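Load the model in your viewer and keep a selection box ready. The stops below go through helix packing, one sheet, two backbone features and the confidence values.

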Amino acid sequence: MHLIFPYVKINASYSALCMATPLYGVQRSIKRRNKGRYDWRCGSVETCRNVKSFGSSRGRCLRRHGDYSQRIMAEVRLVNLKKVYPNNEPKKKKKGDAPEKKTNLQITDEGVVAVQEFSLDIADKEFIVLVGPSGCGKSTTLRMIAGLEDISDGELWIGDKKMNDVEPKDRNIAMVFQNYALYPHMTVYENMAFSLKLKKVDKAEIDKRVREAAEILDITQYLDRKPKALSGGQRQRVAIGRAIVRNPQVMLMDEPLSNLDAKLRNQMRAEIIKLRERINTTFIYVTHDQTEAMTLGDRIVIMKDGFIQQIGTPQEVFDHPANLFVAGFIGTPQMNMMDAKLLKKDGKYMVDTGSICVELAEEKQARLAAKNVPEQDIVLGVRPDHLMLCADGIKGKVDVSEMMGSSVHLHINADGRDLIVIVPTNGASAHFPMGSEVNLIFGGNVAHVFSKETEKNLEW
Ligand SMILES: Nc1ncnc2c1ncn2[C@@H]1O[C@H](COP(=O)(O)OP(=O)(O)O)[C@@H](O)[C@H]1O
Ligand SMILES: [Mg+2]
């Protein structure tokens, strides 16, 4: 408990919350850290890497940026959230919105159900990423947390306070949007100071916070410029700066990097990872980009058609996709899928592709046996880096060979199936002419078996 007290630095405006919430948050986090294993199927126990490094990173932050130690901690609990847009409510099209793909949202008499059965416990200072294709309900969920959208059903808790009916301005949340939303007639400094001015924060305190945030984001030299004299990346930094000066309990980000070009996006992604270490707040980040989700999130929530598909750490959802959708969405190039049969021979589970029969690894055997999964037609999933070239195996012909530098991506046609194989070059030159014949094998530890009927992972 001695860890706690240095951080409870009391500031007049936050005193009441500061006194109560940090103790509550730390106790809960420690309890959680000592608690059992995380279960990726329900996302129940947290695995926040920041909780573990709490002492050291917080200490570093305190030394570098004294002001940020005042941040109020926040656990966020979403219980069975639901959002129904009434049929007569036209969608407000915002500039910069990605064109919407057709989705299979449920439509009831009440209207379009954009999000349903959304339950998630977010630990204090955890970085959660909501990811899924356009139109799956990510922004709606975020906007319900921010208070910009009414919650049709369910509960939203921040710390120990139910927030369903609390005004957005009183939720101590900051949101960063894809299109920056900066005031064009104000300088960077004024943009960042604006919300604090409205709150009538002391001028010296505003100056301190703006300069600290500018230093963190490396935009000090642009404080006197207007947004139009900044590049896209710099504008997005200002938008983030404007959010962090408010010392929010929770930072919400809705596709903040989507307007940037690929190189800048990679750079800003790394900046957000660093930023997260320095400002130590709870993040909820929305993206349609699985790479962003995998690289940024402590845990990621994969959504489709308004429903959560899986919650887990990046490694968990990559290694144990709950269903075919998650298997195809996470990982690039996409997981190869092929029709196959799950067989049981002498008590051992095997997958039969028609040309090869592979015995599944021990732990997969155990999980299938525990559920007494019967023999059946399945969809077999194998990631491109887990297919290997061999003297014998699934026969195919090279359609396209893409040289990527450290590896070659081979697009292979095998009995009408299109498969991708990543072949490491290991510094040697690798040449696979079009039409050349190859044989593919895979190990029993990397074969994912999905029900053809329900599309669910049969192991779970
Ligand atoms: N104001 C609105 N009125 C009616 N439908 C809406 C409104 N806002 C969003 N929707 C619908 O809700 C679904 C989810 O939208 P959204 O949360 O913006 O998706 P995402 O952010 O995942 O792309 C979409 O199908 C969209 O058309
Ligand atoms: Mg959106």
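Select H5 (residues 188-198) and H6 (residues 203-217): they cross in a right-handed sense. A crossing counts as right-handed if the near helix is turned clockwise from the far one by less than a right angle, and as left-handed if anticlockwise. The axes of H5 and H6 come within 10 Å and cross at roughly 135 degrees, so the two helices are oblique to each other. Angles under 35 degrees count as roughly parallel, over 145 as roughly antiparallel, 65 to 115 as roughly perpendicular, and the rest as oblique. Axes are lines fitted to C-alpha atoms, for helices over the stretch in contact, with angles from 0 to 180 degrees between N-to-C directions. Helices (H or I, at least four residues) and strands (E, at least two) are DSSP runs numbered from the N terminus.

Now show the side chains between H5 and H6. Tyr 189, Met 192, Ala 193, Leu 196 and Lys 197 of H5 meet Ile 206, Arg 209, Val 210 and Ala 213 of H6; contact requires C-beta atoms, placed from the backbone, within 7 Å. This set divides into seven nonpolar, no polar and two charged residues. Nonpolar covers Ala, Val, Leu, Ile, Met, Phe, Trp, Tyr, Cys and Pro; charged covers Asp, Glu, Lys and Arg; the others, Gly among them, are polar.

This is a predicted model, in which local features need pLDDT of at least 70 and side-chain atom pairs count only at pLDDT 80 or more, while totals for chains, interfaces and linings use all residues. Residues are numbered from 1 along each chain as its sequence is written, and chains are lettered from A and ligands numbered from 1 in the order in which they are written.

Keep H5 and add H7 (residues 232-244). The H5 and H7 axes come within 8 Å and cross at roughly 30 degrees, so these helices are roughly parallel. The crossing of H5 and H7 is right-handed. Val 188, Asn 191, Met 192 and Ser 195 of H5 meet Val 238, Gly 241 and Arg 242 of H7, a contact of three nonpolar, three polar and one charged residue.

Next, drop H5 and add H8 (residues 262-279). How do H7 and H8 pack? Their angle is about 20 degrees, with axes 11 Å apart, so they are roughly parallel. The contact joins Gly 232, Gly 233, Gln 236 and Ile 244 of H7 to Leu 264, Gln 267, Met 268 and Ile 279 of H8. Here the division is four nonpolar, four polar and no charged.

Ahead of H8, select Glu 255, in the loop between strand E8 (250-254) and H8. Its phi is near 45 degrees, a positive value in a residue other than glycine.

Move to Pro 333, in the loop between helix H11 (324-329) and strand E12 (336-345). The peptide bond from Thr 332 to Pro 333 is cis, with omega near -5 degrees.

Then select the open sheet E18-E17-E16-E19, four strands with antiparallel pairing; strands pair if DSSP finds at least two bridges between them. E18 (417-424) and E19 (437-441) are the edges, each pairing on one side only. Eight bridges join E17 (residues 407-414) to E18, and Ser 407 has Pro 424 as its bridge partner in E18.

Last, colour by pLDDT, the predictor's confidence in each residue from 0 to 100. The mean is 83, and 80% of residues reach 70 or more. Over residues 1-70 pLDDT stays under 50.

Definitions and conventions. Two residues are in contact if their C-beta atoms, placed from the backbone, lie within 7 Å.
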